[in-house]
Amino acid sequence: MIQVLEQRRAQIHRKGETATPLRCDRRSVAGSVTQRACAFCGSRVVLYPIADALHLVHGPIGCAAYNWDIRGALSSGPQLHRNSFSTDLQEMEVIYGGERKLKQALEELIDRYRPKAAFVYSTCIVGVIGDDVEAVCRQVARAKGIDVIPVASEGFRGTKKTGYQAACEAAFKLVGTGDTTGIGACSVNILGDFNIAGESWIIRRYFEEAGMEVVATITGDGRVDDLRRCHGARLNLVQCSGSMTHLAKLLETAHGIPMRRVSFFGLEDTAAALYEAANFFNDSAVLERTRDLVGREVGRVYPALKKYREALAGKRAALYVGGAFKAFSLVKALKLLGMTTVLAGTQTGSPEDYELLREICDDGTVIVDDSNPVELAKFILELDVDLFIGGVKERPIAYKLGVGFCDHNHERKIPLAGFEGMLHFAREVHATVLSPVWQFVPRRSRRSSASTPSREIISPSKNPAAVEERKGLA
Amino acid sequence: MKAQPATPPGTVTRNACKVCAPLGACVVFSGIEDCVPFLHGSQGCATYIRRYLISHFREPVDIASSSFSEEDTIFGGARNLRAGLANVTTQYGPRAIGVATTCLAETIGEDVPRILAGHAADSPGGPALIHVPAPAYAGTHTDGFHRAVRRVVEHFAAPCTPHAGVNLLPGFLSPEDLRHLKELVAAFGLACTLLPDYSDTLDGAAWAEYLRGQPGGTSLEALQRMSGARSTLELGRTPGADRDTAAAWLETHHQVPRIPLGLPVGLRETDAFIAALETLSGAACPADIQRERGRLVDSFVDGHKYVFGRRAALFGDPDLVIGLASLLDEIGVRPVLCATGARHQAFAPAVQAALDHADPTDLRILTGADHASISEAARELRPDLVLAGSKGYPLARELGVPLIRVGFPIHDRIGGQRLLHVGYRGAQRLFDQLVNTLLERRQDTSETGYSYL
Ligand code: SF4
Ligand code: SF4
């Protein structure tokens, strides 16, 4: 029997059994192998896609090295963001301070790469040795004539969420410094999409087709100048609630731009996001074009999903993702594929998020906050799942236990956003859940020889729907 | 020729050719039976290191952390460390916990040995607590690896009656390499303690049920008996040069003779390793290993013209680069660029010592290098192929030459944990791959598209 740490009991609920709100939004229990990263990681996620900026990590080498080019955020132009620059602090600098090295590093990099702006990330050790990063940034900014923006991302300040906030503050320093002439009335910013595998491009295309102008995708395929003028947009659409809400709020307060929470994952949510914007502008031409677009796309994708739906009906899914909004969309998308979500967890959900998650899930669904491998494994087994959705750190747990896996975080290389993204998602899920390899893994092979073969894996060759679909895919 | 520091010290690191010391320590702790790696510091480091190791080994890697908060950086993390140890003990029931202190804990000056001693005294019968200071600013992942090996040995070695077994300290190799080394030593009838041994723990079988840790690893009993071994075989030229290794310690404190060798990569270095095993065991090299060697030499002859004079750039962990340089030299490939992110005085002399045939006028050796400086050198040196981990891909792509993936990390291919580099068999695999990669390139770029080469 796998045990759950006593201190973590309140961070796990089973829908229909516990009425108290889930405990969340607190630091990880010491000694628990958390799946969470640090504040610095959160800041990197948010600012990383700004492709023409310099990103310098101030600290010892590891923090920067583990981050080198791991994300799938694409740029249509400059690729500067894909480098990993670090001040690589050595013992002497740790003792006597790293300000000089930071200054030198910034000057050297700015001269060499001529970026539009620079972000300087503080890591834990910088917070401890007490470098005045802001002062160095100010000096270099003056000397080089570009914005050099410190990001207060010391890892120990908190979870990724804290880092998101620091990143939003940093990005906001650029906002409002550019010229907004020429921005039309039906104009939006899309916040919280990072152009993983080109997702921002897909979304941007929809809006443009519907007659809405996208001033900035923040930060997917991001550019410094887009941020500078994004305050000219009339509406902010915020996806991935955790990471960018803070920036949207800053924009609302300072520039009076209203915000709407949206998701571009799944047919339902993508359509809802487009309508939300179209209704906001209340422009009949835009509304009509939106209707046409949604009708056409859904008409194209929905029938194509049918074969997957048939093959996946009744399969059980567990998901453990970064933010809660992603979890909502995933639960709905899985439903569309005929699957049931039996475990839903996030690294950084808020009490309201978990409330909402509880509402949309079926009875018996386990809901967890900030889990760890032991717990996740326990639930995978107890709930007998066919699919696990998570990040790279969760993949080996699923695979070891003989469970299909779908990557849904920043490292994936397949676009899952928008209408067409739903099709990719269905293909991904199908490819893992219906693979014949599971028949050989110990857990399955034992189960199929047991007396109740009711949930035995369907081998593609025997399943008519799967055969059909293979033809369709060829 | 002297090694040139790639970038003058004091400037920025662009795309590091190294990661940090705690990663190496975690790999070592993963190779000890029933041992959980634990990082004393902020949780981000543990999560990053897990992610990095997982993308190479594609195995669960559990690393606990004391999850420092802002207050802990001011008031110290003792409470968190102890709570963390207690939680790991409850959840994993380990026999040992390997505590590596990260940059943060080292910088605020935590007295970790004292805290651990206090914790051990308060919880009798609890797991052994091994401590290794591992701030990144004092070394790379390979330094962290060797330091952890030494700390493990120091921790467990008790006075023990001499026995006939040998200690084998392999360095940071692949699980497949570790399996092959064990096989070779066993072929000479020698009992051996391999430290660390993650041949199963980081390359395990599919599970029937959840396991708290992967089975396997060096047992604590074996660790206790290392002080009574007949000899310690220490592989790798750079740690040996420092003389503060586990093997050196065993020699000084327990009179276990230390036999320093290079990594057995390529024919000559494997010969040296086999010769050492012959001496230790008093047995002749078994016939099937001799035949393996014979086939290797035969294949060298079959393929020599395809590789002769080709220029290679190689970079990564120092000892692997030295070993590969030796292999390339013996088959007539010219290493033109040998680079590592570590700063080891011993690196350049060791590379040069490995090269008997290469033309030294065209050779550049870089220590403390990052990928930006490696790329800059490679653009001038125009190699025909690159030998490196997955981090070599951008350069190979830019130069339009093939990349032969070796060492760590491999995160754009499957099977990094099963790459064999050592022994005649490893040399055979590398040689075949090298020749075939060059042939493939020639075939693909030829207008005629010969199908017979
Ligand atoms: S360099 Fe230091 S602070 Fe950064 S990840 Fe490694 S141990 Fe942690
Ligand atoms: S040192 Fe701090 S900032 Fe760097 S990885 Fe660790 S927790 Fe994150």
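The shell around ligand 2 sorts by class into six nonpolar residues, four polar ones and no charged residues. This is a predicted model, and ligand 2 is a friendly place to start looking around it.

Who are the neighbours? Chain A brings A:Cys38, A:Phe40, A:Cys63, A:Thr123, A:Cys124 and A:Gly155 to ligand 2. From chain B come B:Ser42, B:Gly44, B:Cys45 and B:Tyr48. Because the residues around ligand 2 come from chains A and B, the site is shared between chains. If you would like a landmark, find helix α2 of chain B, residues 43-57: with three residues, this helix gives the largest share of the shell around ligand 2.

Now turn to ligand 1, which lies between chains A and B. On the chain A side you will meet A:Pro60, A:Gly62, A:Cys63 and A:Tyr66. Chain B adds B:Cys20, B:Pro22, B:Cys45, B:Thr102, B:Cys103 and B:Ala136. A:Cys63 and B:Cys45 are listed around ligand 1 and also around ligand 2.

Here are the two shells by class:

| Ligand | Nonpolar | Polar | Charged |
|---|---|---|---|
| Ligand 1 | eight residues | two residues | no residues |
| Ligand 2 | six residues | four residues | no residues |

Finally, have a look at the surface of chain A. Which residues make the nonpolar surface patch of about 400 Å²? They are A:Met92, A:Ile95 and A:Tyr96. A:Tyr96 sits in helix α3 of chain A, residues 91-96. Is A:Tyr96 buried or exposed? A:Tyr96 is exposed, because its relative accessible area is 69%, and exposed means over 50%.

Note on methods: Residues numbered from 1 in each chain as written. Chains lettered and ligands numbered in written order. Predicted model: local features only at pLDDT ≥ 70, side-chain atom pairs only at ≥ 80, totals over all residues. Heavy atoms only, no water. Near = heavy atom within 4 Å. Helix = DSSP H or I, 4+ residues; strand = E, 2+ residues; numbered from the N terminus. Nonpolar A, V, L, I, M, F, W, Y, C, P; charged D, E, K, R; others polar. Patch = residues over 30% accessible without salt bridge, like charges linked within 9 Å, V, L, I, M, F, W, Y side chains within 5 Å. Areas by Shrake-Rupley, 256 points an atom, 1.4 Å probe, with all protein chains shown as cover. Salt bridge = Lys/Arg side-chain N within 4 Å of Asp/Glu carboxyl O. Buried < 20%, exposed > 50% of the residue type's maximum accessible area, 1.4 Å probe, protein only.
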